[in-house]
Amino acid sequence: MPDAPTRTWNDLVIPAPGRYDLDEAHKRIGFLAMHMMVSPVRGEFGSGSATIHVAEDPLDSWVTATIDAASISTHLDDRDTHLRSPDFLDVENFPTIEFRSRGIEWQPAPDPIFSWAMLKRSSPGRLGLQREPGSSAKFVLHGDLTIRGVTRPVALDAEFGGAGTDPYGRNIFGFSATAEFEREQFGLLWNVALETGGVLVAKKVRIELAGEAIRAA
């Protein structure tokens, strides 16, 4: 284990290099899709793992993740059974969903002159604090998502939550991320046309991730 669990990079306190595993007790692997074009349905996968390799240069870091497709839950048994069926995830033939990162981009905070110009155009009631230049904790994580044996590129808008040591002496860091993808590109084609127009299940799905990672090596 390193002497220091954290270091400073671009005004951020980030974890020391090493391998970090997703904490089972502090994770959300969620998604959202619109139902009948009017209301969001949220769900999650109860079982999944991820390994994050933090490099000496943070932008050289990479992630691998595996999700148990059968662990899907929208808190409605009939719907969950349908989602596990060949109409959707076909979990008997494709038991896992996989993600492998290919690169990461840091999203610097806006130039202070640009931020000031934006503030001048804002109404008084919308003024707020701005991050100092260079302190942005936002990144874009590029990678390949595999569902039903089909692999497509996806970009996750990620936010680094912070790093430190938990009460048990473990080195940890937190994160969250979101992305959207077209489910039909992965062979998730089932749908029903509505008499009023549109479809029963939206074609676009939003991924919602959050969690903590614990240093393993």
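This is a short chat about aromatic pairs and strand pairing in a predicted model.

Me: How many aromatic pairs does the count come to?
Reply: Seven, in this predicted model.

Me: What kind of pair do Phe31 and Phe45 make?
Reply: A tilted one, because their planes sit at 50°, and tilted covers what is neither under 30 degrees nor over 60. The ring centres are 5.7 Å apart.

Me: Where are those two in the chain?
Reply: Phe31 is in strand 3 (residues 18-35) and Phe45 is in strand 4 (residues 39-45). They are 14 residues apart, and the pair links distant parts of the chain.

Me: Is Phe31 buried or exposed? And Phe45?
Reply: Phe31 is buried, at 13% relative accessibility. Phe45 is buried too, at 11%.

Me: What about Phe173 and Phe175?
Reply: Also an aromatic pair, and tilted. The centres are 6.4 Å apart, with 50° between the planes. Phe173 is buried at 7%, while Phe175 is partly exposed at 25%.

Me: Which residues form a cluster with them?
Reply: Tyr20 and Phe160 join Phe173 and Phe175 in one aromatic cluster.

Me: What does Phe160 stand opposite?
Reply: Phe175, in strand 11. Strands 10 and 11 (residues 171-182) pair antiparallel over eight bridges. Five residues lie between them in the hairpin, where Gly169 has a positive phi near 85°.

Me: Switching to strand 9. How many bridges join it to strand 10?
Reply: 10 bridges, with the strands antiparallel. Strand 9 is residues 138-147 and strand 10 is residues 150-165. His142 stands opposite Ala155 in strand 10.

Me: Which residue takes a positive phi in that hairpin?
Reply: Arg148, near 55°. That hairpin has two residues between its strands.

Technical notes:
Residues are numbered from 1 along each chain as its sequence is written. This is a predicted model: local features need pLDDT of at least 70, side-chain atom pairs count only at pLDDT 80 or more; totals for chains, interfaces and linings use all residues. Side-chain values use heavy atoms; hydrogens and water are left out. Rings of Phe, Tyr and Trp (its six-membered ring) pair if their centres lie within 6.5 Å; planes under 30 degrees apart count as stacked, over 60 as edge-to-face and the rest as tilted. Helices (H or I, at least four residues) and strands (E, at least two) are DSSP runs, numbered from the N terminus. Buried means under 20% relative accessible area, exposed over 50%, partly exposed in between (1.4 Å probe, protein chains only). Two strands pair if DSSP finds at least two bridges between them.
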